Amino acid sequence: MMKTKIIILDNRPKIKIKLDYKTTITVRSMDAYKVWKDKYPEAILVE
């Protein structure tokens with residue numbers, strides 16, 4: 001018998017944040033955005 005690979009779907013929203021003029025990151029929660037916002041006050045949300 002062959003094992004089948006289990007596919008796990010992640011339905012959390014993807015939030016893009018622009019930290020500075022050349023750095024864009026993706027986070028999965030607003031709590032993570034708040035942490036990055038503390039480190040980079042000029043960070044903005046990109047939709």
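Which side chain meets that of aspartate 10 in a salt bridge at 3.0 Å, N to O? The partner is arginine 12. The model examined here is predicted, and the protein contains 1 helix and 3 strands. In sequence order, these elements follow the pattern β-β-α-β. The briefing below covers the overall form, the charged side chains, the aromatic side chains and several individual positions.

**Overall form and surface**

- The C-alpha trace spans about 55 × 20 × 20 Å along its principal axes.
- Of the 47 residues in the protein, 15% are buried.
- The exposed surface of the protein amounts to about 4,600 Å², and carbon and sulfur atoms supply 59% of that area.
- When contacts between residues at least 6 apart in sequence are considered, 28% join residues at least 24 apart.

**Charges and salt bridges**

- The protein carries 11 positive and 6 negative charges, and the mean positions of the two sets are 9 Å apart.
- A search of the whole structure returns 2 salt bridges.
- One of them joins the side chains of aspartate 10 and arginine 12, with an N to O distance of 3.0 Å.
- The side chain of aspartate 10 also meets that of arginine 28 in a salt bridge, at 3.3 Å from N to O. Arginine 28 lies in the loop between strand S2 (24-27) and helix H1 (30-39), whereas aspartate 10 belongs to the segment before strand S1 (15-18), so this pair ties together parts that are 18 residues apart in sequence.
- Asp10, Arg12 and Arg28 are thereby linked in a network of salt bridges.
- Aspartate 10 has a relative accessible area of 38%, so it is classed as partly exposed, between the limits of 20% and 50%.
- Arginine 12 is also partly exposed, at 48% relative accessibility.
- For arginine 28 the relative accessible area is 29%, and this residue is partly exposed as well.

**Aromatic side chains**

- How many aromatic pairs does the protein contain? The count comes to 1.
- The pair consists of tryptophan 36 and tyrosine 40, whose ring centres are 5.9 Å apart. Their planes meet at 25°, which is under the limit of 30 degrees, so the pair counts as stacked.
- Tryptophan 36 is partly exposed, with a relative accessible area of 28%.
- Tyrosine 40 has a relative accessible area of 31% and is likewise partly exposed.

**Loop positions**

- Lysine 22 is located in the loop between S1 and S2. Is this residue buried or exposed? Its relative accessibility is 63%, over the 50% limit, so lysine 22 counts as exposed.
- Lysine 22 and leucine 45 are separated by 23 residues in sequence, and their C-alpha atoms lie 14 Å apart in space.
- Serine 29 occupies the loop between S2 and H1, and its relative accessible area of 31% makes it partly exposed.
- Serine 29 and isoleucine 6 are 23 residues apart along the chain, with 25 Å between their C-alpha atoms.

**Strand S3**

- Where is isoleucine 44 found? Isoleucine 44 belongs to strand S3, which comprises residues 44-46.
- At 46% relative accessibility, isoleucine 44 is partly exposed.
- Which residues does isoleucine 44 touch, not counting residues up to four places away in sequence? With those neighbours left out, isoleucine 44 touches Lys16, Ile17 and Lys18.
- Isoleucine 44 and lysine 16 are 28 residues apart in sequence, and the distance between their C-alpha atoms is 8.7 Å.

Methods. Residues numbered from 1 in each chain as written. Predicted model: local features only at pLDDT ≥ 70, side-chain atom pairs only at ≥ 80, totals over all residues. Heavy atoms only, no water. Helix = DSSP H or I, 4+ residues; strand = E, 2+ residues; numbered from the N terminus. Buried < 20%, exposed > 50% of the residue type's maximum accessible area, 1.4 Å probe, protein only. Contact = heavy atoms within 4.5 Å. Areas by Shrake-Rupley, 256 points an atom, 1.4 Å probe, with all protein chains shown as cover. Lys, Arg positive; Asp, Glu negative; His and termini not counted. Charge placed at Lys NZ, Arg CZ, Asp CG, Glu CD. Salt bridge = Lys/Arg side-chain N within 4 Å of Asp/Glu carboxyl O. Phe/Tyr/Trp six-rings, centres within 6.5 Å; stacked < 30°, edge-to-face > 60°.
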